[in-house]
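Me: Could you take a close look at one residue for me and tell me how it sits in its surroundings? I'd like the wider picture as well, in plain words.

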Amino acid sequence: MGSIGPQKLATWFDAYAAQLVLYARQWLDVGLAEDAVQDVFVRMAAIRSEPANAKAWLFRSVRNEAISKIRSRWRRQNHEAKRAANQPNWFEPRPDELVDSAMAQSALESLPAEQQEVVILRLWAGMTFQEISDIVGRSVSTVADRYHSALAAIRRMMEKCHER
Amino acid sequence: MNDKNQLSPAQRELEQALSGLQPMGTSIDRDRLMFLAGRRSVRRGYFWPGLTTVFAAAFVVSLAMQLPSGHIQYAKHPGLEGKPITLTVSESIAGDRETRSPSSSRPNYLDLRDKVLARGLDALPTINRFPETAENSPMTLQRLLGDTSNQPMRSNPWKIEYLFRWGAKS
């Protein structure tokens with residue numbers, strides 16, 4: 001394994017940047033989330049050997065970066081609260097979507113953080129439970145339980161919205 | 001563990017619907033990111049630059065330690081109590097002076113200087129350049145005019161005039 005060339009870096013950026021930003025937005029606003037993703041890609045160019053699983057490496061690094069950035073976000077919480085009103089949506093609204101994107105975002109945001117993280121990694125990063133367990137540092141069964149609980153909660157919330 | 005085994009049909013349907021949502025596109029400038037990544041890729045470590053800096057600093061320090069170090073010597077003059085004279089000399093220069101000038105001459109010179117300071121020019125010793133003989137006695141106006149009587153010269157107007165004109169011609 002050699003160092004990572006620019007072509008590979010660009011390919012991974014095109015493939016995973018949007019999912020990584022979505023993943024980082026669990027902890028950060030969109031600006032800081034993009035900063036975290038950019039920092040991780042820049043850092044990736046400096047590592048000596050290519051990671052065995054580049055996608056898992058990227059998501060794990062973004063997770064660590066976001067958690068470190070969230071500490072500084074807490075220090076300037078007032079400033080962030082003012083910016084929060086103008087945050088863009090998590091998903092692009094499309095006419096052919098099977099579920100309403102705003103409703104899905106609302107349901108996701110209401111989940112506990114550990115469930116939210118697992119759902120995003122599973123559905124939009126396309127990871128297996130094993131890969132997710134490596135990133136979040138929990139067992140596969142714990143990850144699977146969180147995922148099922150999260151899906152059940154989202155279903156209940158969406159049914160409630162439809163009833164209204 | 002099979003990921004799909006524990007999902008109910010309703011959950012699978014929901015999973016499929018949710019996964020169809022597209023994450024919002026990012027506003028990260030890819031070109032800028034590639035530039036930053038390229039710049040970062042060449043700054044991999046500080047080991048060799050750091051090692052070079054340490055060696056350069058050690059070389060400069062060793063050079064500085066080899067240079068002769070000058071220092072200030074304070075000496076008191078015997079005749080000037082309470083008034084220190086400051087001399088700034090390096091060791092090598094002081095050593096050269098010690099070897100060049102004989103140490104026995106310094107006390108004589110200093111004694112003479114003290115005497116001159118105390119009594120004035122009268123303290124200077126007379127330099128006897130001409131022996132006290134009749135032939136080699138100092139040339140005086142009296143001798144020049146041929147008067148060997150050792151009597152004080154009286155004023156002689158024509159001699160004075162002659163001498164003056166001779167001096168003017170020469």
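Reply: Here's a walk from the whole chain down to Val37(A), with a stop at one helix afterwards. Bear in mind that this is a predicted model.

Start with the layout. Chain A has 8 helices and 1 strand, and from the N terminus on they come in the order α-α-α-α-β-α-α-α-α. The chain is 164 residues long, and 38% of them count as buried. Take the contacts between residues at least 6 apart in sequence: 68% of these join residues at least 24 apart.

Now zoom in on Val37(A). You'll find Val37(A) in helix 2, which covers residues 30–46 of chain A. Around Val37(A) there are 29 other C-beta atoms within 10 Å; the cut-off for buried is 20 or more, so Val37(A) is buried.

Who are the neighbours? Leaving aside residues up to four places away in sequence, Val37(A) touches Ala17(A), Leu20(A), Val21(A), Ala24(A) and Val62(A), plus Ile28(B) from chain B. Tyr16(A) is 21 residues away along the chain, and its C-alpha atom is separated from that of Val37(A) by 9.7 Å.

For another buried spot, look at helix 6 of chain A, residues 113–123. Here 8 of the 11 residues are buried, so the helix is largely enclosed by the rest of the structure. The buried ones are Gln115(A), Glu117(A), Val118(A), Val119(A), Ile120(A), Leu121(A), Arg122(A) and Leu123(A). Notice that Glu117(A) and Arg122(A) are on that buried list along with Val118(A) and Leu121(A).

Definitions and conventions:
Residues are numbered from 1 along each chain as its sequence is written. Chains are lettered from A and ligands numbered from 1 in the order in which they are written. This is a predicted model: local features need pLDDT of at least 70, side-chain atom pairs count only at pLDDT 80 or more; totals for chains, interfaces and linings use all residues. A residue is buried if 20 or more other C-beta atoms lie within 10 Å of its own, exposed if 12 or fewer, and partly exposed in between; C-beta atoms are placed from the backbone. Helices (H or I, at least four residues) and strands (E, at least two) are DSSP runs, numbered from the N terminus. Two residues are in contact if their C-beta atoms, placed from the backbone, lie within 7 Å.
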